[in-house]
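Welcome, and please take a moment to look over the model below. We will walk through it together, one region at a time.

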Amino acid sequence: MNDTVTITDNRTGKSYDFDILDGTRGPSVVNISSFYTDTGMFTYDNGYTSTASCNSSITFIDGAKGELRYRGIEIEELAEKKSYLEVCFLLLNDTLPTKEQTKEFDLELRHRSFLQEGLTNLFHAFPSGSHPMATLSAATAALSTFHFNHLDMSNESEYQTMARRIIAKMPTLAAFAYRYSIGACFIQPDISKSYTENFLYMMRAYPGGKMHMDMDGQRAIKEIEIKALDTIFTLHADHEQNASTTSVRNVASTGAHPYVAISAGVSALWGRAHGGANESVIKQLEMIGSVENVDAFIARAKDPDDEFRLMGFGHRVYKNFDPRAKVLKSLQVQLQDELNLDSNLMKIANRIEEIALNDEYFVSRKLYPNIDFYSGVILTALKIPTSMFTPIFVIGRTVGWITQWIEFKKGKGMKIARPRQLYLGK
Ligand code: ACO
């Protein structure tokens, strides 16, 4: 006999049994798919705080322990020992690549990084100064018009190509969205550069692809900068059923094109309660202005009558230190030393972190700095414009979205996402 949960309707005295399903890690779930048929009622879970919407074998989070694994491997190990492209391969294939596979994957991504001319022309239709996230969402959806085919999900190579293409093109789309937003000409990808260096190059190069040396005659793109950004991509690569991934799966459930589904993910990520928080963190630090003002803003964050929230603090799932934030904290220290950084923003950020980690309000609510707190500070140190923080999150997360899309499409008995409601109108 299956383990069950029994629910009693105290209005009628009737009891109903629902099966408990066990995963390989994490909390079990109660299968309530027959709840409406059995009881005539819906379940209600505002914000899905207790709802598992699918089963998945990609990413596991234990929020209480502060643990995150991709395909069973701890994030700390991947961030330290593997490149972002190896992590992409792992997520897509459920196994780390051999040296030969890494080389082949890298080469294919370099070849696929270019955009068709028609897609490049699309950017010119947007008003100058458009936020890169808006342009990126539209350009991602537009990509579906250039690669419109009905995928044969029994053909592994077809959807692997679909995945590799969008992972390869996302840095180009993001860099073009940025350059258009500042009125600069587009810089085409340089096939001789690695994935992460190429993105920095497309953002920073002058017309004709020239890069200038810095004041000390050093390389314009430093190894430590490439390493830092590569780590940020890895830490963002997937995060199970968050708001943007759920949006991707919901669109996938209707049978729409995968790039349109990913465009929905880009849009969902933009909000400041989600990926947009990294941009808001820096805007908030700039608003705070100096270390002396930190106490007043902490007081506002604690005031229940004030809507002000400390950006980059708190997480729906992590009620312990976000493991990605831990990796970034040590990267921040490394960057501070190697790039000799001692900026005012970093001082303010360090002071906020120090207070919040010891303050009863934050401690009792388990509000720790999240990934966006440190990524915002690190990206500022790398002189990345603030408007590009969330597009950088998009680049890292694209592999997660497409992997989740593939898992959804390959799954058996998948249904269209169609929640119900508690009607309170006339
Ligand atoms: N500053 C001050 N107080 C906060 C903060 C914050 N950043 N976050 C939560 N709280 C308080 C709430 O006021 C609430 O207090 P109460 O119990 O006295 O009413 C309590 O902590 C619980 O907060 P909820 O909003 O219920 O928590 P939820 O899990 O729904 O929200 C969220 C999580 C949206 C991330 C929230 O913490 C937040 O808004 N943080 C700031 C934005 C941010 O950094 N987002 C990035 C998240 S990471 C990511 O998406 C990549």
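Let us begin at Ser 375, which sits in helix H17, spanning residues 371-381. Helices here are DSSP runs of H or I with at least four residues, strands are runs of E with at least two, and both are numbered from the N terminus. Before going further, note that this is a predicted model, in which local features need pLDDT of at least 70, side-chain atom pairs count only at pLDDT 80 or more, and totals for chains, interfaces and linings use all residues. Residues are numbered from 1 along each chain as its sequence is written, and side-chain values use heavy atoms, with hydrogens and water left out.

Is Ser 375 buried or exposed? Ser 375 is buried, because its relative accessible area is 0%; the word buried means under 20% relative accessible area, exposed means over 50%, and partly exposed covers what lies in between, using a 1.4 Å probe and protein chains only. Leaving aside neighbours within four places in sequence, Ser 375 is in contact with Ile 232, His 236, Asn 278 and Leu 328, where contact means heavy atoms within 4.5 Å. You can also find Ile 392, which is 17 residues from Ser 375 in sequence and 10.0 Å from it in space, C-alpha to C-alpha.

Stay in helix H17 and look for Asp 372. Asp 372 has a relative accessibility of 6%, so it counts as buried. Which residues does Asp 372 touch, leaving aside its neighbours within four places in sequence? They are His 236, His 274, Gly 275, Ala 277, Asn 278, Val 281 and Phe 393. Pro 97, by contrast, is 275 residues from Asp 372 in sequence, and 29 Å separates the two in space, C-alpha to C-alpha.

Now follow the chain to Lys 383, in the loop between H17 and helix H18 (389-410). Lys 383 counts as exposed because its relative accessibility is 72%. Its phi is positive, at about 60°, although Lys 383 is not a glycine. Asp 94 is not a glycine either, and has a positive phi of about 65°; look for Asp 94 in the loop between helix H3 (84-93) and helix H4 (99-111).

Another loop to visit runs between helix H7 (156-181) and helix H8 (195-204), and holds Lys 193. With a relative accessibility of 17%, Lys 193 counts as buried, which is why you will find it described that way here. Apart from neighbours within four places in sequence, Lys 193 is in contact with Arg 110, Asn 198 and Tyr 201.

Next come the strands. Strands of a sheet pair through backbone hydrogen bonds, either parallel or antiparallel. Two strands pair if DSSP finds at least two bridges between them. One open sheet has 3 strands in the order E1-E2-E3, with antiparallel pairing. Its edge strands are E1 and strand E3 (29-30), each of which pairs on one side only. Strand E1 (residues 4-8) and strand E2 (residues 15-21) are joined by 5 bridges in the antiparallel sense, and Thr 8 has Ser 15 in E2 as its bridge partner. The hairpin of E1 and E2 has 6 residues between the strands, and there Gly 13 takes a positive phi near 80°.

There is also an open sheet of 3 strands in the order E4-E5-E6, again with antiparallel pairing. Here strand E4 (59-62) and strand E6 (73-74) are the edge strands, each pairing on one side only. E4 and strand E5 (residues 67-70) run antiparallel and are joined by 4 bridges, with Phe 60 opposite Arg 69 in E5.

Finally, turn to the ligand. Which of the 20 residues around the ligand come nearest? They are Arg 309, Leu 310, Gly 312, Phe 313 and Tyr 361, and a residue is counted as near if one of its heavy atoms lies within 4 Å. By class, the shell has 9 nonpolar, 5 polar and 6 charged residues; Ala, Val, Leu, Ile, Met, Phe, Trp, Tyr, Cys and Pro count as nonpolar, Asp, Glu, Lys and Arg as charged, and the others, Gly among them, as polar.

Zooming in on single atoms, a polar backbone atom of Phe 313 is 2.9 Å from a nitrogen atom of the ligand. A polar side-chain atom of Arg 316 lies 3.1 Å from a ligand oxygen atom.

Key. Polar contact = N/O pair within 3.5 Å; in protein donor to acceptor, adjacent residues only side chain to side chain.
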